[in-house]
Amino acid sequence: MTNGTVQKGSGTTLVVQYQDGSKTISVPPSVPVMEVAPEQVTLASGDTVYVATEKLPNGTLVTDKIFLFIPATSSATKQ
């Protein structure tokens, strides 16, 4: 996996800056978009999470980011 930072975006096009340069990425309108918002949650068995970790020189893994993936609702179920 390569990490990058969105440099700019407009509509369905993103320019992502990497260490070696940048790439323009086209995102189709059908791609689900998520909002990242800080919130205190309780994790349960079976939850889907992504944990951004850093490995310290002594081998310990540490994190300050845990992303909980919640299934999207379809437009038919939104109220």
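Student: How many bridges join strand E2 to strand E3, and which way do the strands run?

Tutor: In this predicted model, strand E2 covers residues 13-18 and strand E3 covers residues 21-26. Six bridges join them, and the two strands run antiparallel. A hairpin of two residues makes the connection from E2 to E3.

Student: Which residue in E3 is the bridge partner of Val15?

Tutor: Thr24 is the partner of Val15.

Student: Where do E4 and E5 fit in?

Tutor: They are joined by eight bridges, again in an antiparallel arrangement. E4 spans residues 48-55, and E5 spans residues 61-69. Five residues lie between E4 and E5 in their hairpin. Look at Gly59 in that turn: its phi is positive, about 95°.

Student: Which residues stand opposite each other across E4 and E5?

Tutor: Take two examples. Thr48 faces Phe69 in E5. Val51 has Ile66 in E5 as its bridge partner.

Student: What is the overall secondary structure of the protein?

Tutor: Five strands and zero helices. Along the sequence the pattern reads β-β-β-β-β.

Student: How should I read the confidence?

Tutor: Start with the general idea. Where pLDDT is low, the predicted coordinates should not be read in detail. Now this case. The average pLDDT of the protein is 80, and 77% of the residues reach at least 70. Strand E1 (residues 5-10) has the lowest confidence, with a mean of 68. Strand E4 has the highest, at 91.

Student: How do I describe a pair of aromatic rings?

Tutor: By two values: the distance of the centres and the angle of the planes. This structure holds one such pair. The ring centres of Tyr50 and Phe67 are 6.0 Å apart. Their planes meet at 35°, so the pair counts as tilted.

Student: Which parts of the chain does that pair tie together?

Tutor: Tyr50 sits in strand E4 and Phe67 in strand E5, so the contact links parts 17 residues apart in sequence.

Student: Are these two rings buried or exposed?

Tutor: Read the relative accessibility. Tyr50 is partly exposed at 36%. Phe67 is partly exposed too, at 25%.

Student: How much of the protein is buried?

Tutor: Buried residues make up 3% of the 79 residues. The cut-off is a relative accessible area under 20%.

Student: Which residues form the nonpolar patch on the surface?

Tutor: Val41, Leu43, Val49, Val51 and Ile66. Together they have about 390 Å² of accessible area. Residues in a patch need over 30% relative accessible area. Val51 has 34% and is partly exposed. Leu43 has 44% and is also partly exposed. Note their places: Val51 is in strand E4, while Leu43 is in the loop between E3 and E4.

Student: Where does that loop lie relative to E5?

Tutor: Use C-alpha separations for two of its residues. Leu43 and Leu68 are 25 residues apart in sequence, yet their C-alpha atoms are 8.0 Å apart in space. Ala37 is also in the loop between E3 and E4. The C-alpha atoms of Ala37 and Phe67 are separated by 9.5 Å, with their positions 30 residues apart along the chain. Ala37 is partly exposed, at 46% relative accessibility.

Student: How many salt bridges are there, and which side chains meet?

Tutor: Look for a side-chain nitrogen of Lys or Arg within 4 Å of a carboxyl oxygen of Asp or Glu. The count here is one. Asp64 and Lys65 form it through their side chains, at 3.1 Å from N to O.

Student: Are the two partners buried or exposed?

Tutor: Asp64 is exposed, at 68% relative accessibility. Lys65 is partly exposed, at 41%.

Student: What should I take away about E4 and E5?

Tutor: Several features meet there. Eight antiparallel bridges join the two strands. The tilted pair of Tyr50 and Phe67 ties E4 to E5. Val51 and Ile66 are bridge partners, and both belong to the nonpolar patch. E4 also carries the highest mean confidence, at 91.

Technical notes
Residues numbered from 1 in each chain as written. Heavy atoms only, no water. Patch = residues over 30% accessible without salt bridge, like charges linked within 9 Å, V, L, I, M, F, W, Y side chains within 5 Å. Areas by Shrake-Rupley, 256 points an atom, 1.4 Å probe, with all protein chains shown as cover. Helix = DSSP H or I, 4+ residues; strand = E, 2+ residues; numbered from the N terminus. Buried < 20%, exposed > 50% of the residue type's maximum accessible area, 1.4 Å probe, protein only. pLDDT = per-residue confidence, 0-100. Phe/Tyr/Trp six-rings, centres within 6.5 Å; stacked < 30°, edge-to-face > 60°. Pairing = 2+ DSSP bridges.
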